[in-house]
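User: Could you show me how to read a few features of a fold, starting with its core?

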Amino acid sequence: MRRLGSVALLVLACSGCATVGPVEDIQPGERPSLETDEAGLWMYMDRMETALATSGRVVTDPALNAYVRDIVCRLSPDYCRDIRIYIVRTPHFNATMAPNGFMQVWTGLMLRATNEAQLAYVIGHEIGHFQRRHSIQRWRDARNKTDFAAVFQVAAAAAGAGYAGSLASLAAIASILSFSRDQEREADDVGFTTMANAGYDPEQAPRIWEALLEERDASDKPEQVVFFATHPSTEERIGTLREQAQALIAKGAPRDAGAEKYKRIVGPFRDEWLRDEFRKREYAETEVVMNRLLAEERQNGDVLFMKGEFYRIRDESGDEDRAIEAYKAALLGDGAPPETHRSLGLVFWDAGRNDEARASFAEYLRAAPDASDRKMVEAYVKELETPQ
Ligand SMILES: [Zn+2]
């Protein structure tokens with residue numbers, strides 16, 4: 001029912017357009033026949049996929065890729081062979097789905113998800129776009145509105161050599177793959193149903209949007225946070241998903257969040273992805289991301305170390321003290337890396353607290369005797385020992 005309703009809306013929204021109408025779900029293994037416009041669209045997406053695959057921007061770690069692939073197959077055994085996942089290293093919250101089965105999951109999204117169920121919900125949403133063939137509906141709509149030439153040019157440029165993998169080309173692909181609000185609502189619905197049917201905790205679906213909302217509220221450039229400009233309002237989708245989740249939980253739905261497994265597999269990449277965030281210099285948002293990770297793992301020495309790094313790099317008024325506090329907390333927590341001592345030494349040194357700086361550098365050399373920067377840190381200690 002809901003599906004028919006949204007198709008009707010789509011047609012109404014395009015009154016005066018000639019050929020926009022309902023399309024059937026794609027069948028597992030189906031490819032469009034060659035003479036159709038859909039086959040042409042797939043051909044462009046095939047080129048973009050090749051360009052992205054060779055861009056050097058895709059995270060190739062086998063364990064991480066196998067993990068995300070398993071989530072796709074758990075969510076949708078029927079479509080699992082039709083969907084190819086690319087984990088793209090870029091520090092923004094996004095995922096995209098192309099009609100030919102090429103799905104991008106950006107590392108900024110994986111950093112922000114705090115468990116497997118949240119990621120599964122977003123992947124389920126993207127599978128919804130594929131299954132319901134939203135791209136071809138959108139494509140026909142664009143052509144009828146004479147945007148066709150513009151869309152075509154962006155597609156050709158994004159697929160062109162030397163352009164792939166840049167943020168601009170990723171954004172171009174994302175814009176071609178932008179969907180109408182009704183399609184987004186439909187994909188939300190498919191995503192939610194799919195993740196809940198696979199046994200994931202339904203309450204985690206709204207959580208990932210709540211994270212986005214929190215970042216947007218903290219940001220001084222909120223329009224940049226919401227990459228999905230045509231999505232329904234974040235408040236609306238959170239409200240809808242919360243209601244749906246409560247209804248299922250009341251009926252005794254399974255509540256698998258997969259938090260431990262997610263941390264085990266994604267954890268090793270987190271520092272690298274956080275440093276990508278720092279380089280954006282959008283500190284208000286990144287602070288929200290940091291605090292979100294810490295709320296999950298208060299004693300995690302590594303996350304606390306990265307919190308210290310965040311303040312040390314941001315370097316606003318009061319950040320020296322905040323960094324020192326975070327590093328000290330890291331050393332009291334579990335698994336702080338030896339670099340915590342080195343960073344602590346650097347902040348003390350900047351603050352003119354030379355004795356503490358020297359002690360921290362010495363501690364670093366004890367904790368990491370084979371460090372590649374040993375000579376440099378020994379030189380720091382020497383400099384600090386020299387009477388000023
Ligand atoms: Zn979407």
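Analyst: Sure, definitions first. A nonpolar core is a set of buried Ala, Val, Leu, Ile, Met, Phe, Trp, Tyr and Cys residues joined through C-beta atoms within 7 Å. Buried means 20 or more other C-beta atoms lie within 10 Å of a residue's own, exposed means 12 or fewer, and partly exposed is in between, with C-beta atoms placed from the backbone. This is a predicted model, where local features need pLDDT of at least 70 and side-chain atom pairs count only at pLDDT 80 or more, while totals for chains, interfaces and linings use all residues. Residues are numbered from 1 along each chain as its sequence is written.

User: Which residues touch the most other members of the largest nonpolar core?

Analyst: The general idea: in soluble globular proteins, nonpolar side chains tend to be buried together. Here, the largest core has 76 residues, and V105, A120 and M195 touch the most other members. Its largest share, 8 residues, comes from helix α5 (residues 116-131); helices (H or I, at least four residues) and strands (E, at least two) are DSSP runs, numbered from the N terminus. At least three core residues come from each of domain 1 (2-13 + 34-250) and domain 2 (270-385), with bounds from an automatic or database domain assignment.

User: What is M195 in contact with, leaving aside its neighbours within four places in sequence?

Analyst: Contact means C-beta atoms, placed from the backbone, within 7 Å. For M195, that gives L75, A117, A120, Y121, G124, Y200 and A205.

User: How do I read a strand, say β3?

Analyst: In a regular strand the side chains alternate between the two faces of the sheet. In β3 (residues 102-106), F102, Q104 and W106 point one way and M103 and V105 the other, and all are buried. For partners, strands pair if DSSP finds at least two bridges between them. β1 (residues 84-88) runs parallel to β3, joined by 5 bridges, and I85 stands opposite M103. β2 (residues 95-97) pairs antiparallel with β3 over 3 bridges, with M97 opposite M103. In the β2-β3 hairpin, 4 residues sit between the strands, and G101 takes a positive phi near 100 degrees.

User: And is helix α16 mostly covered or exposed?

Analyst: Mostly covered: 11 of its 14 residues are buried, including L304, F305 and F310. What covers them includes α14 (270-280), α15 (283-296), α17 (319-332) and α18 (339-350). Just after α16, D315 takes a positive phi of about 60 degrees.

Notes: Two residues are in contact if their C-beta atoms, placed from the backbone, lie within 7 Å.
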